[in-house]
Amino acid sequence: MRRAAAKGTWSLEEAVAYNEVLSVKYRPLRDDANGVGGQTSTLVVDRQPVMSRFGNLVFSSSVMSATDNPDSLVISDDPLHPANLIPELCRNFYQLGWVTGTGGGITIRQGNLVYIAPSGVQKERILPEHIFVLPYPQPAPSPHTDRIFLRRPAKKLSESSCTPLFWNTFDMRDAGSCIHTHSQNAVMATLLWTGPTFTISHQMIKGVRIGGVGRALSYLDTLEVPIIDNTPFEVDLKESMAEAMAKYPEAAGVLVRRHGVYVWGSDWEKAKAQAECLDYLFEIAVKMKQAGLETVLN
Ligand SMILES: CSCCC(=O)C(=O)COP(=O)(O)O
Ligand SMILES: [Zn+2]
C-alpha cells in the first residue's frame, strides 16, 4: 500500500484500503493568508456511513456537513466549543505553571470528534484555528502509525506529541478529556515517592474519582497514583502509561517521574477539577513529607 509523503496524509487509495471506506473525497486544505499550508490535506468523508474494521465508525450528518468546510469544526461563537475552550484553558494552565516552556496541554473528546492542540508552541498563545480535529475511534495513534484528521491547521504545525497518551485515556477509560501538566508539585511528588506509586489518605481527595470517571473517593479512602519512568520522547510513554492504567484501574491519573502528570475525566470540567485536586494533594503531600509527616494514616 502506498503511503503519502507527509505525516498523517493519506492517498485516496490507501484511505479506502485502510478503513474500508465506502466513499471518500480527498481534498487539499486551502492555503492560508501567508501562503503557508497546502502541503497538508484532509480526508473528507462523503455523505454515507463509513464502516471501519476497527469498529463501527459511523459519522453523523452534522460531522459530514462540517467536513465540507473543515475549518467550521474549529470556528464557533460558543465559548464552550472545544476549539475555544482549549486555548482558554491552556492560558489558565500556563498561569498555574502547568504548561510553561511549550509542554503539556489538554485534549477534549466530544462524541466521535477529538480536539488536540499543536505541539511545541507557546501554549498560552494558541488560537482556535491552530486546533487539530481527529475522528474517534481510529487505530490508536503511535509513533509508528499514521493518523486520520478531519481538520488540520493551515499553518505548518504538528499535533501534540501527547496524542498517543491522550488516546490511552479514550480507549481505556472512555475519557472525554485529558490534561497533561508539568506542574512542579507533580514532579516533586515523583522525586519524593521513589516507589511505583504516590499515596495519600485522609485529605481533600473527594474531588478525585475512581478511575477518573467513576464515583468520587471518600475522605477515608487512600489515593494511589502510579508513577512511570520518563523517556526522552513523550510518545514513548504510551505503552508504560497503558500498562500502569491496566494495573491501577482505580487511578485517576498517571505520574511521570521527573516530568509531570496525566489526569483525565469523563468531560473537561471533571478532568480539570481532578487535575486541580491532584495538584493540591501533590503539593500538600510534598510539604508533609518534607516536614517528616506520614501521608497515609491507618
Ligand atoms: C518542553 S516539553 C517536552 C515534551 C513534553 O513533555 C510535552 O509535554 C510536549 O507536549 P506537546 O503538546 O508540546 O507536544
Ligand atoms: Zn510533557
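User: Is the crossing in which H5 passes H7 left-handed or right-handed?

Analyst: Let's start by finding where these helices touch. In this predicted model, Asn185, Ala186, Met188, Ala189 and Leu192 of H5 make the contact with Asp279, Phe282, Glu283, Ala285, Val286 and Lys289 of H7. By class, the contact holds seven nonpolar, one polar and three charged residues. At this contact, the crossing of H5 past H7 is left-handed.

User: Which word describes how H5 is placed relative to H7?

Analyst: The angle is the clue here: H5 (residues 184-192) packs against H7 (residues 268-290) at about 45°, and their axes are 8 Å apart. Angles under 35 degrees would count as roughly parallel, and those from 65 to 115 as roughly perpendicular. An angle of about 45° fits neither range, so the right word for H5 against H7 is oblique.

User: What word describes how H4 is placed relative to H6?

Analyst: You can use the same approach. The axes of H4 and H6 (residues 238-247) cross at roughly 30° and come within 9 Å. Since the limit for this class is under 35 degrees, H4 stands to H6 as roughly parallel.

User: How many nonpolar residues are in the contact of H4 with H6?

Analyst: H4 passes H6 in a right-handed crossing. There, Pro164, Leu165, Asn168 and Met172 of H4 meet Lys238, Met241, Ala242 and Met245 of H6. Sorted by class, one residue is polar and one is charged, while the number of nonpolar residues is six.

User: Which strands stand at the edges of the sheet of eight strands?

Analyst: Try reading along the sheet, which is open, has mixed pairing and runs in the order E5-E4-E3-E6-E10-E9-E8-E7. On average, neighbouring strands are turned by 20° against each other, direction ignored. A strand at an edge has a single partner, so one of its sides is left without a neighbour in the sheet. That description fits E5 (132-135) and E7 (197-201).

User: Do E8 and E9 run parallel or antiparallel?

Analyst: Strands of a sheet pair through backbone hydrogen bonds, and either direction can occur. E8 has E7 as one partner, joined over five bridges in the antiparallel sense, and Leu223 in E8 is the bridge partner of Ile200. Towards E9 there are two bridges, and Ile228 stands opposite Val256 in E9. E8 and E9 run parallel.

User: Which residue in E10 stands opposite Ser177?

Analyst: First place the two strands: E6 covers residues 177-181 and E10 covers residues 260-265. Five bridges join them, and they run antiparallel. Ser177 belongs to this pairing, and opposite it in E10 stands Gly265.

User: At about what angle does H7 run to E10?

Analyst: Helices can lie across a sheet, and two do so here. H3 (residues 82-95) lies across E3, E4 and E6, and runs at about 155° to E3. H7 lies across E3, E6, E7, E8, E9 and E10, and its angle to E10 is about 145°.

User: Which residue has a positive phi although it is not a glycine?

Analyst: Look in the loop between H3 and E3. The residue in question has a phi of about 80°. It is also one of the residues around ligand 1, where Gly101 and Gly103 are found too. Its name is Thr102.

User: How many polar residues are in the shell around ligand 1?

Analyst: The shell includes Gly104, Gly105, Ser119, Gly120, Ser160 and Ser161, along with Cys162, His180 and Glu234. By class, one residue of the shell is nonpolar and one is charged. The number of polar residues is 10.

User: Which peptide bond is cis?

Analyst: The proline of this bond sits in the loop between E5 and H4 (163-173). Omega is near 0°. The cis bond runs from Tyr136 to Pro137.

Methods: Residues numbered from 1 in each chain as written. Chains lettered and ligands numbered in written order. Predicted model: local features only at pLDDT ≥ 70, side-chain atom pairs only at ≥ 80, totals over all residues. Near = placed C-beta within 6 Å. Nonpolar A, V, L, I, M, F, W, Y, C, P; charged D, E, K, R; others polar. Pairing = 2+ DSSP bridges. Helix = DSSP H or I, 4+ residues; strand = E, 2+ residues; numbered from the N terminus. Axes fitted to C-alpha atoms, helices over the stretch in contact; angles between N-to-C directions. Contact = placed C-beta atoms within 7 Å. Parallel < 35°, antiparallel > 145°, perpendicular 65-115°, else oblique. Left-handed = near helix turned anticlockwise from the far one by under 90°.
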